[in-house]
Amino acid sequence: YGIEHTQALTDLAKTNVKHLDDDDDLRRDLHLDDDDDSETTKTPRVHFLKADGWKGLKDAAPFDAIHVGAAARSVPDALVDQLAKGGRLIIPLGEPNAPQYLVQVDKLQDNSLKGSRLFGVRSSELVGKDP
């Protein structure tokens with residue numbers, strides 16, 4: 001799944017994926033030649049939609065992996081809740097215009113969490129409902 005906060009970015013993501021002209025096998029596997037003008041491009045492996053990244057996709061959970069491409073001030077509880085046991089969340093954390101770090105959060109089999117700071121990054125701000 002890919003979540004974008006504007007329809008323009010959602011459309012751009014769909015267009016970028018559909019431009020995988022050099023890999024016919026991947027296009028076929030992802031059904032990228034199917035026309036779909038709905039809000040969500042429904043394929044076996046790739047879905048793009050306009051939504052709030054802070055909320056994730058509760059109806060599609062649980063997820064084995066969640067990657068967030070924009071920095072949040074804190075780890076969104078909704079995303080942690082949507083991780084499967086044994087799942088991993090990768091997210092940049094930090095204030096805008098301040099030091100930020102890529103953080104890994106693992107949900108263990110007993111539902112406890114293990115977090116680790118991986119390295120410094122610079123990311124745009126996660127837009128949506130900031131708790």
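This text walks through one chain, from its overall layout to its strands, its turns and its largest pocket.

The model is predicted. Its chain has 131 residues, and 35% of them count as buried. The accessible surface comes to about 8300 Å². Carbon and sulfur atoms hold 49% of that surface. Take the contacts with a separation of 6 or more: residues 24 or more positions apart account for 39% of these.

Next, the secondary structure. The chain has three helices and six strands. Read from the N terminus, the order is β-α-α-β-β-α-β-β-β. The run thus named ends in three strands, β-β-β. These are β4, residues 83-93, then β5, residues 100-107, then β6, residues 113-121.

Start with β5. How many of its eight residues are buried? Seven are, and the strand is mostly covered. Strand β5 pairs with β4 in the antiparallel sense, over six bridges. Strand β5 also runs antiparallel to β6, and here eight bridges join the two. So much for the pairing; now for single positions in it.

L102 is a good place to look. On the β4 side, P92 stands opposite L102 of β5. On the β6 side, the bridge partner of L102 is F119. Step back along β5 to Q100. Opposite Q100 stands V121 of β6.

Now the turns. A general point helps to read them. Most residues other than glycine have a negative phi, and most peptide bonds are trans. Several places in this chain are worth checking against that.

Take the hairpin of β4 and β5 first. Six residues lie between its strands. G94 takes a positive phi there, near 145°. N97 also belongs to the loop between β4 and β5. N97 is not a glycine, yet its phi is positive, at about 60°. Is N97 buried or exposed? Its relative accessibility is 74%, so N97 counts as exposed. The cut-off for that class is over 50%.

The hairpin of β5 and β6 comes next. It has five residues between the strands. N111 lies in the loop between β5 and β6. Phi of N111 is near 75°, a positive value in a residue other than glycine. The relative accessibility of N111 is 43%, so this residue counts as partly exposed.

The peptide bond to check lies earlier in the chain. It runs from A61 to P62 and is cis, with omega near 10°. Where does P62 lie? P62 is in the loop between β2, residues 48-50, and β3.

Then look at helix α3, which spans residues 77-81 and includes A78. What does A78 touch beyond residues up to four places away in sequence? A78 touches W54 and K55. K55 is 23 residues from A78 along the chain, but their C-alpha atoms are separated by 5.5 Å. A78 has a relative accessible area of 23% and is therefore partly exposed. The cut-off for buried is under 20%.

Last, the largest pocket. About 510 Å³ of space lies in it. Which elements give two or more residues to its lining? They are β1, residues 2-4, and β3, residues 63-67. Strand β3 supplies the largest share, four residues. In total, 24 residues line this pocket. Nearest its centre lie G2, I3, G53, H67 and V68. What kinds of residue make up the lining? It divides into 14 nonpolar, eight polar and two charged residues.

To view all this in order, begin at β5, which is mostly covered. Follow its bridges to β4 and to β6. Turn to the loops and find N97 between β4 and β5, then N111 between β5 and β6. Move to the cis bond from A61 to P62. Go on to A78 and its contacts with W54 and K55. End at the largest pocket, with G2, I3, G53, H67 and V68 nearest its centre.

Technical notes: Residues numbered from 1 in each chain as written. Predicted model: local features only at pLDDT ≥ 70, side-chain atom pairs only at ≥ 80, totals over all residues. Heavy atoms only, no water. 1 Å grid on protein atoms, 1.4 Å probe; cavity = no way out; pocket = protein on both sides within 12 Å on 5 of 7 lines; lining within 4 Å. Points joined across faces, edges and corners; volume = space filled by probe spheres on them. Nonpolar A, V, L, I, M, F, W, Y, C, P; charged D, E, K, R; others polar. Buried < 20%, exposed > 50% of the residue type's maximum accessible area, 1.4 Å probe, protein only. Contact = heavy atoms within 4.5 Å. Areas by Shrake-Rupley, 256 points an atom, 1.4 Å probe, with all protein chains shown as cover. Pairing = 2+ DSSP bridges.
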